[in-house]
Amino acid sequence: MAEIDKRMINIFILGLGFLLVFVSFQTMSNILITLINSIKHETPDYDGDAFYALAIVYVVFAVFNLVVPPIISVLGTRISMVIGSIGYALYIISFFITNGWTIYVASVVLGIGAATIWTAQGTYLTLNSDAYTVARNSAVFWACFQLSTLVGNAFVYLTFQNQEYIPAETRTYVYSVLSGICLVGVFILMLLRPPLNSHGQQISDTSNAPSKAFFQSLTMLCTKDMMLLSISFWFTGANLAFAASIYSSCIGFTTKLTKFPKSLIGLVGIVFGVGEVIGGLLFGILADVTTFQWGRNPIVIFGSFVLVASYAFIYLNLPTDAQFGNTTAISYFDPPIVWLAVLCSFLLGFGDSCFNTQIYSIVATKYREDSAPPFALFKLVQSFGSGIAFLYFKYVPLHYLLIALTVMDILAAITFFPVEVQARTPHFEQDELNIQIPAGPSVNRNRTMATAPKTE
């Protein structure tokens with residue numbers, strides 16, 4: 001039990017570091033469109049664009065996911081995560097300089113850092129997990145990480161009260177607080193300890209074959225299972241772009257919602273985070289049952305229905321031009337319903353956690369012998385999904401976006417199904433022989449596993 005506790009300490013430190021780093025980034029992503037709209041209100045010749053900046057972040061993120069596995073194999077997961085987190089700090093600090101080109105350069109730096117930190121995170125989590133703990137560890141990490149959405153958006157909610165546009169002094173205050181929090185997160189990640197095996201022994205997180213990691217990534221992308229999973233990867237990227245950035249801006253621009261709709265941006269971000277955290281904790285508590293008895297498919301299917309419901313409610317509640325700027329238009333509900341707008345944010349967060357926790361789980365289970373390349377591919381495809389989404393989100397009306405997301409949601413759930421069915425059997429007997437079942441009332445030591453292990 002002591003060994004398991006030490007591994008959980010690693011997971012908690014990892015989650016705390018990501019919580020602090022992503023308080024800054026996720027909050028900035030949530031408010032970036034509103035901030036830049038406010039800058040242009042004061043300085044009409046300002047040439048920065050939030051959609052292009054976010055697209056650059058995720059496209060660079062995607063491209064560099066092919067490069068980072070060999071880097072991580074040399075530097076190790078802990079050093080790689082520290083380096084990646086510094087990219088996030090530099091991104092936030094760059095906003096003190098009010099030039100469009102500065103934001104674009106910082107977006108490139110952030111994209112490189114994101115590819116590094118996320119691929120290393122997936123590998124580090126896998127190394128600190130086994131088949132019986134990977135689902136739990138994935139869900140615990142996800143819940144800790146998503147607390148960043150609650151903290152950051154609570155700050156925004158209090159800061160943006162009763163403001164139609166965000167003045168320069170408020171923006172500077174926001175940048176100062178967020179950059180400080182991010183730097184603390186960088187320090188926490190420096191405290192990460194070497195990963196441990198199931199016996200509490202330190203294991204290496206480096207490799208002597210960096211070129212092998214690169215070619216493994218390219219080869220793995222062409223396999224049947226990875227191509228099927230890539231549809232889920234892509235969808236989660238597009239959904240994240242919408243749920244974590246675009247939807248809050250739509251709320252802020254829909255003037256008929258309330259007198260000061262921008263005051264709601266922080267609130268819907270908080271509720272989105274609540275949905276993410278509840279989903280992560282719930283699937284952590286139920287990980288043993290859902291993985292070994294029912295598998296991951298029920299969670300993914302449930303998450304798919306939750307997201308479709310949220311898209312439908314948003315379609316009925318918000319006008320189709322809501323992401324283009326302040327609008328007095330309406331959709332089917334006149335006036336738009338504030339509580340429904342907030343509820344949809346919760347549904348978006350909960351549905352997103354359904355997909356992401358299970359994707360982490362299945363990737364770590366299927367490829368646990370060498371997890372850096374598949375996690376890099378996961379983030380590559382997911383990031384392309386986000387980056388391309390920001391490009392067409394800038395031009396396509398909201399209602400058409402919601403229809404497209406619904407179609408992608410259904411395809412993602414359908415294509416996830418056969419990979420999960422196959423993943424539940426191949427390594428089953430080997431895992432049963434090699435993995436020590438932890439003691440405790442929640443584990444039946446005499447059961448026969450009819451399914452295969454997992455990971456986030």
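This is a short walk through one helical chain, from its overall make-up to a few of its side chains.

Hi everyone, and thanks for coming. Please keep in mind that we are looking at a predicted model. The chain has 16 helices and 0 strands. Of its 456 residues, 61% count as buried. If you take the contacts between residues at least 6 apart in sequence, 86% of them join residues at least 24 apart. As for the surface, the chain exposes about 16900 Å², and carbon and sulfur atoms supply 69% of that.

Let's start with helix α2, residues 50–64. With 15 residues at 1.5 Å each, α2 should span 21 Å, and its end C-alpha atoms are indeed 21 Å apart, so the two agree. At the N-terminal end of α2 you can see D49 acting as a cap, with a side-chain oxygen 2.9 Å from the backbone nitrogen of F51. F51 is also among the buried residues of α2, as are L54, Y58 and F61.

Now to the aromatics. How many aromatic pairs does the count give? It comes to 26. One of them is F18 with F145, an edge-to-face pair with 6.4 Å between centres and 75 degrees between planes. F18 sits in helix α1 (residues 2–42) and F145 in helix α6 (residues 134–159), so this pair ties together parts that are 127 residues apart in sequence. Both rings are in buried residues: F18 has a relative accessibility of 0%, and F145 has 3%.

Compare that with F346 and F350, whose centres are 6.2 Å apart and whose planes meet at 25 degrees, so that pair is stacked. These two are 4 residues apart in helix α13 (residues 338–366), which means about one helical turn separates them. F346 is partly exposed at 23% relative accessible area, whereas F350 is buried at 9%.

Back to F18 and F145 for a moment: they belong to one aromatic cluster, which also includes F22, Y88, F96, W118 and Y175.

Next, a polar residue. Is N239, in helix α9 (residues 224–253), buried or exposed? At 1% relative accessibility, N239 counts as buried. Leaving aside residues up to four places away in sequence, N239 touches L307, Y311, L348, D352 and L405.

Last, the cysteines. C250 is buried at 0% relative accessibility, and C354 is buried at 0% too. A search of the whole structure finds 0 disulfides.

That's my tour, and I'm happy to go back to any part of it.

Conventions. Residues numbered from 1 in each chain as written. Predicted model: local features only at pLDDT ≥ 70, side-chain atom pairs only at ≥ 80, totals over all residues. Heavy atoms only, no water. Disulfide = S-S within 2.5 Å. Buried < 20%, exposed > 50% of the residue type's maximum accessible area, 1.4 Å probe, protein only. Contact = heavy atoms within 4.5 Å. Areas by Shrake-Rupley, 256 points an atom, 1.4 Å probe, with all protein chains shown as cover. Expected span 1.5 Å × (residues − 1). Polar contact = N/O pair within 3.5 Å; in protein donor to acceptor, adjacent residues only side chain to side chain. Phe/Tyr/Trp six-rings, centres within 6.5 Å; stacked < 30°, edge-to-face > 60°.
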